[in-house]
Amino acid sequence: MAVMHEMAAGMGGIRTAGDMVARMVMRGMKINEAKAYVASKLGCSVFDLSDSYKMKEIRESLDIGTVLDRNGAARGIAAKIKIAELLDITIPSVEKFKKQIGI
């Protein structure tokens with residue numbers, strides 16, 4: 001059941017790199033530019049961004065969140081903080097969280 005859930009959940013988002021590419025597009029990049037930027041930050045090819053198996057390995061190695069919760073792995077705001085640092089961007093919810101806890 002867990003495998004089926006992982007395959008069905010997050011299509012194009014956290015299952016691959018869609019969430020990170022979308023963040024860059026929302027910041028004004030064109031889609032191809034956003035894909036190239038994210039791929040360079042992740043150290044992979046643009047083609048790898050849509051490969052769910054490759055992205056699962058990359059996300060686990062960088063600890064930036066996966067579809068299913070893994071013991072000891074970053075999730076939620078912890079994963080977002082790592083994504084913001086990796087992509088060199090500001091994420092409003094991350095900044096709000098940091099302000100609330102006094103960082």
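Biologist: Happy to look at this predicted model with you. Which residues does Met-55 touch, leaving out those up to four places away in sequence?

Modeller: Met-55 touches Arg-15, Thr-16, Ala-17, Met-20, Leu-42, Asp-48 and Leu-49. Here touching stands for heavy atoms within 4.5 Å.

Biologist: And what makes the largest nonpolar core a core, and which of its residues have the most contacts inside it?

Modeller: The name applies because such a core is a set of buried residues of the listed nonpolar kinds, joined through side-chain atoms within 4.5 Å. This one has 21 residues, and those with the most contacts inside it are Met-20, Met-24, Val-38, Leu-42, Leu-49, Met-55 and Leu-87. Two or more residues come from each of helix H2 (18–26), helix H3 (31–42), helix H4 (52–62) and helix H5 (77–87).

Biologist: Let's turn to the helix pairs. Why is H2 called oblique to H5?

Modeller: H2 and H5 pack at an angle of about 55 degrees, and their axes are 12 Å apart. Roughly parallel needs an angle under 35 degrees and roughly perpendicular needs 65 to 115, so a value between those ranges counts as oblique. That makes H2 oblique to H5. The crossing of these two helices, H2 and H5, is right-handed.

Biologist: Which residues make that contact of H2 with H5?

Modeller: From H2 come Asp-19, Met-20, Arg-23 and Met-24, and from H5 come Lys-80, Ile-83 and Leu-87. The residues of this contact of H2 with H5 divide into 4 nonpolar, no polar and 3 charged.

Biologist: H2 and H3 cross at roughly 125 degrees. Why is H2 oblique to H3?

Modeller: Roughly perpendicular ends at 115 degrees and roughly antiparallel needs over 145, so an angle between them is oblique. With roughly 125 degrees between the axes of H2 and H3, which come within 9 Å, H2 is therefore oblique to H3. H2 passes H3 in a right-handed crossing.

Biologist: What is the make-up of the contact of H2 with H3?

Modeller: H2 brings Met-20, Val-21, Met-24 and Val-25, while H3 brings Ile-31, Ala-34, Lys-35, Tyr-37, Val-38 and Leu-42. The residues of the contact of H2 with H3 divide into 9 nonpolar, no polar and 1 charged.

Biologist: One last stop, Arg-70, in the loop between H4 and H5. Why is Arg-70 called partly exposed?

Modeller: Buried means under 20% relative accessible area and exposed means over 50%, so a value in between is partly exposed. Arg-70 has 22%, and is therefore partly exposed. Arg-70 and Glu-60 are 10 residues apart in sequence and 9.1 Å apart in space, C-alpha to C-alpha.

Key. Residues are numbered from 1 along each chain as its sequence is written. This is a predicted model: local features need pLDDT of at least 70, side-chain atom pairs count only at pLDDT 80 or more; totals for chains, interfaces and linings use all residues. Side-chain values use heavy atoms; hydrogens and water are left out. Buried means under 20% relative accessible area, exposed over 50%, partly exposed in between (1.4 Å probe, protein chains only). Helices (H or I, at least four residues) and strands (E, at least two) are DSSP runs, numbered from the N terminus. Axes are lines fitted to C-alpha atoms, for helices over the stretch in contact, and angles run from 0 to 180 degrees between N-to-C directions. A crossing is left-handed if the near helix is turned anticlockwise from the far one by less than a right angle, and right-handed if clockwise. Ala, Val, Leu, Ile, Met, Phe, Trp, Tyr, Cys and Pro count as nonpolar, Asp, Glu, Lys and Arg as charged, and the others, Gly among them, as polar.
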